[in-house]
Amino acid sequence: MEKKMYTKEEYLAGIRGAIGERAIWFYMIMKELKKQGVDVDKVCQNIIFEFGRIRGQKYSGAKTPGEFAEMLYNSKGQLVFEMELEENGEEKGILKFKRCPLVDAWKEYNIPLEERIEICRLACYGDYGRVSCAERINLEFPQQLSKDQECCELLFTRKK
């Protein structure tokens, strides 16, 4: 059997589509849990943070915010999220995602802005879990695509 060859664009579209499908699953699970009266924030914080922590073990060696940003930039997701490494210094690292397949899917599914912001906030627990593996680094999101801003800006700083 011959292997089908894909263009870079087709391959990225497939990966983004798979991520987007999971973003819709997440949204549907969140909605159902809310209907059942479950504290969605607490459940998501615990589960998604732990998932991020498991995935973040490979970043545990990062000694500076810039090193963490650079390690994430050099990950497999670089092209999928259209990442730009803006700064990778001793005190600060800035990584910008120009695209987010999760947000793309939520928009395509016509999820209202307020709900996109909420579900993105919950999804970010995974990022916080990942960063928790590097003991001396904080993470903030000055901009987020879910808020219809220019990009998802991940700002890594040193813990005081």
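Biologist: Which residue follows H4 with a positive phi?

Modeller: Keep in mind that this is a predicted model. H4 covers residues 101–108. Past the helix there's a residue whose phi is positive, near 60°, and that's Asn110.

Biologist: Which residues of helix H4 are buried?

Modeller: Buried here means under 20% relative accessible area. In H4, the residues that count as buried are Pro101, Val103, Ala105 and Trp106.

Biologist: And what do the buried residues of H4 pack against?

Modeller: Trp106 is one of those buried residues, and it's also among the members of the largest nonpolar core that touch the most other members. As for the packing partners of the buried H4 residues, they are H1 and helix H5 (113–123).

Biologist: Which helix gives the largest share of the largest nonpolar core?

Modeller: That core has 38 residues, and Phe68, Trp106, Leu154 and Phe156 touch the most other members. Its largest share, six residues, comes from residues 8–35, that is, helix H1.

Biologist: Is Val131 buried or exposed?

Modeller: Val131 sits in helix H6, residues 125–131. Its relative accessible area is 4%. The cut-off for buried is under 20%, so with 4% Val131 is buried.

Biologist: Which residues does Val131 contact, leaving aside neighbours within four places in sequence?

Modeller: Phe68 is on the list, and seen from the other side, the contacts of Phe68 include Val131 and Phe156. Phe156 turns up for Val131 as well. The full set for Val131 is Phe68, Ile137, Asn138, Leu139 and Phe156.

Biologist: How far apart are the C-alpha atoms of Val131 and Lys107?

Modeller: Val131 belongs to H6. Along the chain, Val131 and Lys107 are 24 residues apart. Through space, their C-alpha atoms are separated by 27 Å.

Biologist: What pattern does the protein follow, read along the sequence?

Modeller: Its secondary structure comes to six helices and four strands. Read along the sequence, they give α-α-α-β-β-α-α-α-β-β.

Biologist: What radius of gyration does the protein have, next to that of a compact globule?

Modeller: The C-alpha atoms fill a box of roughly 50 × 40 × 30 Å along the principal axes. For 160 residues, a compact globule would come out near 15 Å. The protein agrees with that, at 16 Å.

Biologist: How far apart are the centres of the positive and negative side chains?

Modeller: There are 27 positive and 27 negative side chains in the protein. The centres of those two sets are separated by 3 Å.

Definitions and conventions. Residues are numbered from 1 along each chain as its sequence is written. This is a predicted model: local features need pLDDT of at least 70, side-chain atom pairs count only at pLDDT 80 or more; totals for chains, interfaces and linings use all residues. Side-chain values use heavy atoms; hydrogens and water are left out. A nonpolar core is a set of buried Ala, Val, Leu, Ile, Met, Phe, Trp, Tyr and Cys residues joined through side-chain atoms within 4.5 Å. Buried means under 20% relative accessible area, exposed over 50%, partly exposed in between (1.4 Å probe, protein chains only). Helices (H or I, at least four residues) and strands (E, at least two) are DSSP runs, numbered from the N terminus. Contact means heavy atoms within 4.5 Å. The radius of gyration is taken over C-alpha atoms; the globule rule is 2.2 Å times the number of residues to the power 0.38. Lys and Arg count as positive and Asp and Glu as negative; His and the chain ends are not counted. The place of a charge is taken as NZ of Lys, CZ of Arg, CG of Asp or CD of Glu.
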